[in-house]
Amino acid sequence: MLIIKNGRVIDPASGTDAVMDVMIDQGRILEMGYGAAQPWEQTAGGPGPERAGADSGSPHQVIDASGLVVAPGLIDVHVHFRDPGLTYKEDIHTGAAAAARGGFTTVVCMANTKPPVDNVETLEYVLAEGRKTGIHVMQAAAVTVGMKGGILTDMETLKAHGAAGFTDDGIPLTDGALVKQAMEEAVRLDMPLSFHEEDPAFIRDNGIHQGAVARKLGVGGSPAVAEDTMIARDCMLALHTGATVDIQHISSGNSVRMVALAKELGARVFAEVTPHHFTLDETAVLEHGTLAKMNPPLRTAWDRQEILRGLKEGVIDIIATDHAPHSREEKARPLTQAPSGITGLETSLALGITGLVRTGVLTLPQLLEKMTKNPADLYRMDRGYLAPGGEADLVIFDPEELWVVKEFASKAENSPFTGRELWGKVKVTVCGGRIVYQDCQDVSVL
């Protein structure tokens, strides 16, 4: 049995925000409430009180969470674990370790591996390896065969074998008729679709916004219109078909406004944003070089302010990392030759606390809603909440601890936030009732 006592329990799904104890047994939450731990602590080392479903003979593991926040385990619907095929960057086990260190108990992996997850064999490999980790590793399958944008995958079969949803993330789908067909099939299967929205017809050099910084560096860049046009198309197709669509890693202020319109019209559109897009703008490329290169790129200060407004007003539903590990050698290449993307799992919560909560953009419960309940809603998960009988996936963190980003559990370290001071430190991550990450010394078996 695991006893978490005296923590500030925040559960956005139920609106709970109070100091209480959480009792966990056999992988599920047994009881929650103020003083709920006292009867168990009195009997520690022996049989506990009679409670329905409790394993009274198990040892008591106690965490004193005084001064800490206890919340549902974080859910990231957009990660790249590079496995199979690119495991020199990351693999499922190191990716899961990075996730646990960041407070995440559930992740959804993207399909752009080698080979891509467009077939049952590759899908089942990822899911089998994921079950060997301490967290829930889910996998989205590709929308198109080979992620080539031409022929739809067998979405029904892939769903039957465990696909969480469908995406060609990393590659935009330029064929509007094919996208409509994919949406219609996703509606039939009641599955979400996630889209990478960048029209290559408008892009000269990807990864850097086409603006003042690109001109200063002498590169062509990627304009916001490349994102805006595709988001406008897919929002209207979602409205037309009734599909559940996730607009991934939104970066453009105009796109935020288009998502707001689509929602107002009744489209089932979710929008996600990365911590780097709400924290940084295009000028970060001048300071961090390839460590600030990503698709879509960091855009203008105005775009970032519109993203903050979209978060505050609820237009942007989800914070997702787009965790994209690369080797040090790859990121050392010249700006236009280096791959795009940064790691994000281990800094995400702290960037949210530092850049959104402490600046008054969101309250802490609102931040957690975008990292727990809303991602679970998109992927139809029975997770992202705390309640008796529910799965015991939790994160315990100190929102007032200031720490410096130094090392990573990920194989990769391609982050522009290395060396930066951030508020909010994950202390313990619990998945299925088991401690899968621990940063503090106040956990004891009585």
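Biologist: In this predicted model, what makes the charged end of Arg 358 count as sitting over the ring of Trp 423?

Modeller: The charged end of Arg 358 sits over the ring of Trp 423 at 3.7 Å from its centre, and since the rule asks for CZ of Arg within 6 Å of the ring centre and within 35 degrees of the ring normal, the pair is counted as a charge over a ring.

Biologist: Which ring does Lys 425 lie over, and at what distance from the ring centre?

Modeller: Lys 425 lies over the face of Trp 403, at 5.1 Å from the ring centre, and the limit for NZ of Lys is likewise within 6 Å, so this contact is also a charge over a ring.

Biologist: Where do Lys 425 and Trp 403 appear again?

Modeller: Both line the largest cavity, together with residues including Arg 101, Glu 346, Leu 349 and Tyr 437; helix H13 (348–357) and strand S15 (421–431) each supply at least two residues of that lining.

Biologist: Why is this space called a cavity, and what is its volume?

Modeller: The name applies because a 1.4 Å probe fits there but cannot get out; the volume of this largest cavity is about 100 Å³, and the whole structure holds five cavities of 30 Å³ or more.

Biologist: How is the lining of the largest pocket divided by class?

Modeller: The largest pocket, with a volume of about 500 Å³, is lined by 24 residues, of which Arg 82, Asn 112, Gly 170, His 326 and Ser 340 are the closest to its centre; by class the lining has seven nonpolar, twelve polar and five charged residues, with Gly counted as polar.

Conventions:
Residues numbered from 1 in each chain as written. Predicted model: local features only at pLDDT ≥ 70, side-chain atom pairs only at ≥ 80, totals over all residues. Heavy atoms only, no water. 1 Å grid on protein atoms, 1.4 Å probe; cavity = no way out; pocket = protein on both sides within 12 Å on 5 of 7 lines; lining within 4 Å. Points joined across faces, edges and corners; volume = space filled by probe spheres on them. Helix = DSSP H or I, 4+ residues; strand = E, 2+ residues; numbered from the N terminus.
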